[in-house]
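User: I would like to learn how to read a domain interface and annotated membrane spans. Can we work through a case together?

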Amino acid sequence: MSLLTNAVLGTLVAQFFLAAAGTLSFAILFACPRRLLPYCALVGGVGWLVYELAVLLGADSTTASLLAVIPLTLLTRVLAILLKAPVTVFLLTGIFPLVPGAGIYYTAYYFIQSNNALALSNGISTFKIAVVLATGIALVLGIPLPHRRR
Amino acid sequence: MSERVLYPDEEQRRRIMDFIMAAGQTLLENGAEVFRVEQTMEIMARSFHLREFHVYILTNGIFASAGTAEISEVRNVPVRTTHLGRVAAVNELSRQIAAGGLTLDEAEAQLARAQRIPFPNDWVQLVAGLSGAFCFAMIFGGTLRAGLAAAVAGLAASSYLLLCERLHLPGGFRKITTASLITLVCLPLCHLLGTEASHAIIGTLMILTPGIAFTMGIRDFVQGDYLSGTIRMIDALLVAACIAIGTGFVLWCYSLLTGVNIA
C-alpha cells in the first residue's frame, strides 16, 4: 500500500469529485429527473474512481475500463431497484467519464489529417474500449434478478 | 370505456394500439434502448389484453401489429434527443399499468403529461455546459487554467447550440460550426493563460462527442439488434467526422497564421 500516499489519495479524491460534477452537468443537459441527479453523479464518480485506481495499479486503459464498468453497472442496478427508475437513467449519465469520446475525436481528426498510422491506432483502442464497456454492461445486466414479490 | 376489459372490442383495440405506439415513440425519441422499448410495449400490450401483439423496433422506427394483423402501425422516429426525465416517466407509467392500477383513460392522460415534461431552463443548460467542459478538461489532465478556458468555451458552445435550436439549423452544420467555435475560443485563451490548448479543446468537445452513441451502438450489437447498432455507429462516426472537420479547419488556419507570423 505504499502506492497510496497522501498526494495520490488527494488526486483520487479530486478526480472523484471532478467526475461526479462532470456527470452531474451532463445529467442536467440530458434532463434527468431532479430527484435522481445526485445518484447519477455518484455513479459517474464511482466509475471514474475505479478507473483511476486501476490505472494507478498499472492496468492499461482497456482493462481499467472493464474493471470500472462492472461495479458501475452493479451500482446502477441497485439504484434502479431502490429508486424505482430505469437503469438507463443512471447508466447513460454515469458512464459518461468512461466513454471514449476523446478517442473517437482523435481517430476522426488524424483520419482527416491523413495521419493514417495514428488514426488506426487510436481507432483500434477506441473500439476496444467501447467493446469492453458494452461487454461489461451486458455481463452485469445479464445477471438474473431474484424474483421475490411475484 | 374507462374500465380495463378482458376482451376489448375493435374500437378499444385501436385506442390501446395507438396508446402503446405513442408510448414506444416517446421512449425511443428520448434515448431509451431498442430492447427496452420493445419490452415496455409488450408489457403494456399484455396488461391491456391486446392479443397477438408483435413489434419490431429500429433506432429510428417502430413497426407493430396486433390481432393477427387486424391492426398494424408504423412510426417513423427520425429525431432523437436525450431527455431522461421523459424516459423515467414512461417507465413509471408502464410499472403502474403492469401493476393493474390504471385505466386506459388515465394512462393516456399520464402519457400526454410525460411527453410535455420540458427541458431545463436555458440558463441551467448554459451553466451545465460550462461546468461540464471545466470538469472534463481537468479530468483529461489539464491544468486549472485549461479548465477555465474550457469553461468559457463551454459557455460559448452551449449558448451557440441553444441559438441553433431556435433557428432550426441542420445537424451537420451545427456540429461543424460548434466544434470550430470551441477551438476558436480555446486557442487564444490558452495562449493567453500560457497553457496547452488540447485538454481544454477535448474537454469542451465532450458536449458534442458521440461517445454514448458509439457505446450504445455496440450494446445493440451485443443484444443482437445488428441493424440498430449499425445505424447508431454510423451516426457516431458521422458526428465525429463533423467535429474533426470543424476543429481541424481552425487548427489548420491557426498553424498557417502563426507559421506566417514566426517567419
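The dialogue below takes up the domains of chain B, then the annotated spans of both chains.

Analyst: One point before we start: this is a predicted model.

User: Which domains does the assignment give for chain B?

Analyst: Domain 1 covers 10–115 and domain 2 covers 122–258. Their C-alpha centres lie 34 Å apart.

User: How do I read the size of the interface between them?

Analyst: Interface size is often given as the accessible area lost when the parts come together. Here, about 800 Å² is buried between domain 1 and domain 2 of chain B. Carbon and sulfur atoms give 50% of that area. In domain 1, B:E33, B:F35 and B:T59 lose the most area to domain 2, together 49% of what that side buries.

User: How many residues are in contact across the two domains of chain B?

Analyst: On the domain 1 side, 10 residues touch nine residues of domain 2.

User: Which residues form the salt bridge between the domains, and how far apart are the closest N and O atoms?

Analyst: A salt bridge here needs a Lys or Arg side-chain nitrogen within 4 Å of an Asp or Glu carboxyl oxygen. B:E33 pairs with B:R219, with the closest N and O atoms 2.9 Å apart. The count between the two domains of chain B is one salt bridge. B:E33 is also among the residues of domain 1 that lose the most area to domain 2. For polar contacts, the count between the domains is two residue pairs, both at pLDDT 80 or more.

User: Which elements give two or more residues to the domain 1 side?

Analyst: Those elements are α2 (34–47) and β1 (54–58) of chain B. The most comes from β1(B), with three residues. By type, the residues on this side of domain 1 divide into six nonpolar, two polar and two charged.

User: Now the membrane spans. Where does UniProt place "transmembrane region" in chain B?

Analyst: The unreviewed entry lists residues 123–140, 176–194, 200–222 and 234–257. Set each annotation beside the model. Residues 176–194 of chain B are 95% helix and 0% strand, with end C-alpha atoms 27 Å apart. Residues 234–257 of chain B are 100% helix and 0% strand, and their end C-alpha atoms lie 34 Å apart.

User: And which residues of chain A does UniProt list for "transmembrane region"?

Analyst: The unreviewed entry gives 12–32, 39–59, 65–83, 90–112 and 124–145 of chain A. Residues 39–59 of chain A are 86% helix and 0% strand, spanning 27 Å between end C-alpha atoms. Residues 65–83 of chain A are 100% helix and 0% strand, with 26 Å between the end C-alpha atoms.

Definitions and conventions:
Residues numbered from 1 in each chain as written. Chains lettered and ligands numbered in written order. Predicted model: local features only at pLDDT ≥ 70, side-chain atom pairs only at ≥ 80, totals over all residues. Heavy atoms only, no water. Domains from an automatic or database assignment. Contact = heavy atoms within 4.5 Å. Buried area = accessible area lost by both parts, 1.4 Å probe. Polar contact = N/O pair within 3.5 Å; in protein donor to acceptor, adjacent residues only side chain to side chain. Helix = DSSP H or I, 4+ residues; strand = E, 2+ residues; numbered from the N terminus. Nonpolar A, V, L, I, M, F, W, Y, C, P; charged D, E, K, R; others polar. UniProt positions renumbered as here; feature names shortened; annotations may be inferred.
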